[in-house]
Amino acid sequence: MANRIDASTLQVKDHVVSINRVTKVVKGGKNLSFSALVVVGDGSGHVGYGSGKAREVPMAIRKGIEAAKKSLVKVNITPTSIPHTVVGKFGAGKVLLKPAPEGTGVIAGGAVRAVVEAAGVQNVFTKSLGTTNPHNVVKATMDALLKLRSADAVAAMRGKAAAEL
C-alpha cells in the first residue's frame, strides 16, 4: 500500500458486514461494547475494510467506516467481472473467486458478497472454503482481489504482447 487512495475524492458506499457484542470482565462486573466490521467501495475497483469498536453500535460503525476509508486499495477488474480465477487465503479462511458470464450476478455469501459488490464486480462465482469467521473471510477476499492481474500486466511481466497470451 505504497500509494494511498484519498477517500474524499471518491464516492464511496459503506456496507456493514457484521456487528458483534463483546464484553470485558472487570472488577465491578461486565463492560459491554460493540465491534463492527465494515466494507467500503466506490463500485469501480476501489475497496477497503475496517473494524471499529465502541459502546454504541452507530459509533462503532462510524469508526469502522473511518478505518475502512484509510485502507482503500485499487483492484484489477474487467468492466463486469474479474480477469481470471483466483484463490485468496487469510488464516483459516480461503475464498475462491471465478469469473462469470454477463447476466450471472454475484453468486456469493454474506461477507464475500459485501466485498465484491463494493469493488464493483457484477458477475462472479465465489466459494468460501474453511472458516466462516467474517473477519477472516473479508481479509481472504481482499487477498484474492489483490492477486488479480490484468492481461496487459501479465503480458508485460512475461515480455510479450497481450495478443500473444
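How many bridges join E7 to strand E8, and do the two run parallel or antiparallel? E7 and E8 (residues 124–130) are joined by 2 bridges and run parallel. The model in which this pairing is found is a predicted one. One of the pairs is made by Ile107, whose bridge partner in E8 is Phe125.

These two strands belong to an open sheet of 4 strands, in the order E5-E6-E8-E7, with mixed pairing. At its edges are E5 and E7 (106–107), each of which pairs on one side only.

At the E5 end of this sheet, the pairing is antiparallel: strand E5 (residues 86–90) and strand E6 (residues 93–99) are held in register over 5 bridges. Within that pair, Val87 stands opposite Leu96 in E6. E5 and E6 form a hairpin, with 2 residues between them. In the turn, Gly91 has a positive phi of about 60°.

The other sheet to consider is also open and has 4 strands, here in the order E1-E2-E3-E4, with antiparallel pairing. E1 and E4 stand at the edges with a single partner strand each, so one side of each has no neighbour in the sheet.

Strand E1 (residues 13–26) pairs with strand E2 (residues 29–41) over 13 bridges, in the antiparallel sense. Asp14 in this pair stands opposite Val40 in E2. The connection from E1 to E2 is a hairpin of 2 residues. At the E4 edge of the sheet, strand E3 (residues 46–54) and E4 run antiparallel and are joined by 2 bridges. There, His46 stands opposite Lys74 in E4.

The loop that leads into E4 deserves a look. Ser71 lies in this loop, between helix H1 (57–70) and strand E4 (73–74). Is Ser71 buried or exposed? Ser71 has a relative accessible area of 16%, and is therefore counted as buried, since the cut-off for buried is under 20%. A polar atom of the Ser71 side chain lies 2.7 Å from the backbone oxygen of Tyr49.

Further along the chain, Ala161 lies in the segment after helix H4 (151–158). With a relative accessible area of 40%, Ala161 is partly exposed, because that class covers values between 20% and 50%. Ala161 and Ala151 are 10 residues apart along the chain, and their C-alpha atoms are separated by 9.5 Å.

The elements can now be placed in the whole chain. It has 4 helices and 8 strands. Read along the sequence, they follow the pattern β-β-β-α-β-β-β-β-α-β-α-α. The C-alpha trace spans about 70 × 35 × 30 Å along its principal axes.

Of the 165 residues in the chain, 38% are buried. Among contacts between residues at least 6 apart in sequence, 56% join residues at least 24 apart. The accessible surface of the chain comes to about 9300 Å², and carbon and sulfur atoms account for 53% of that surface. The chain carries 23 positive and 10 negative charges, and the mean positions of the two sets are 13 Å apart.

Key
Residues are numbered from 1 along each chain as its sequence is written. This is a predicted model: local features need pLDDT of at least 70, side-chain atom pairs count only at pLDDT 80 or more; totals for chains, interfaces and linings use all residues. Side-chain values use heavy atoms; hydrogens and water are left out. Two strands pair if DSSP finds at least two bridges between them. Buried means under 20% relative accessible area, exposed over 50%, partly exposed in between (1.4 Å probe, protein chains only). Contact means heavy atoms within 4.5 Å. Accessible areas come from the Shrake-Rupley method with a 1.4 Å probe; for residues, only the protein chains shown count as cover. Lys and Arg count as positive and Asp and Glu as negative; His and the chain ends are not counted. The place of a charge is taken as NZ of Lys, CZ of Arg, CG of Asp or CD of Glu. A polar contact is a pair of N or O atoms within 3.5 Å; within protein, one must be able to donate a hydrogen and the other to accept it, and residues adjacent in sequence count only if both atoms are side-chain atoms.
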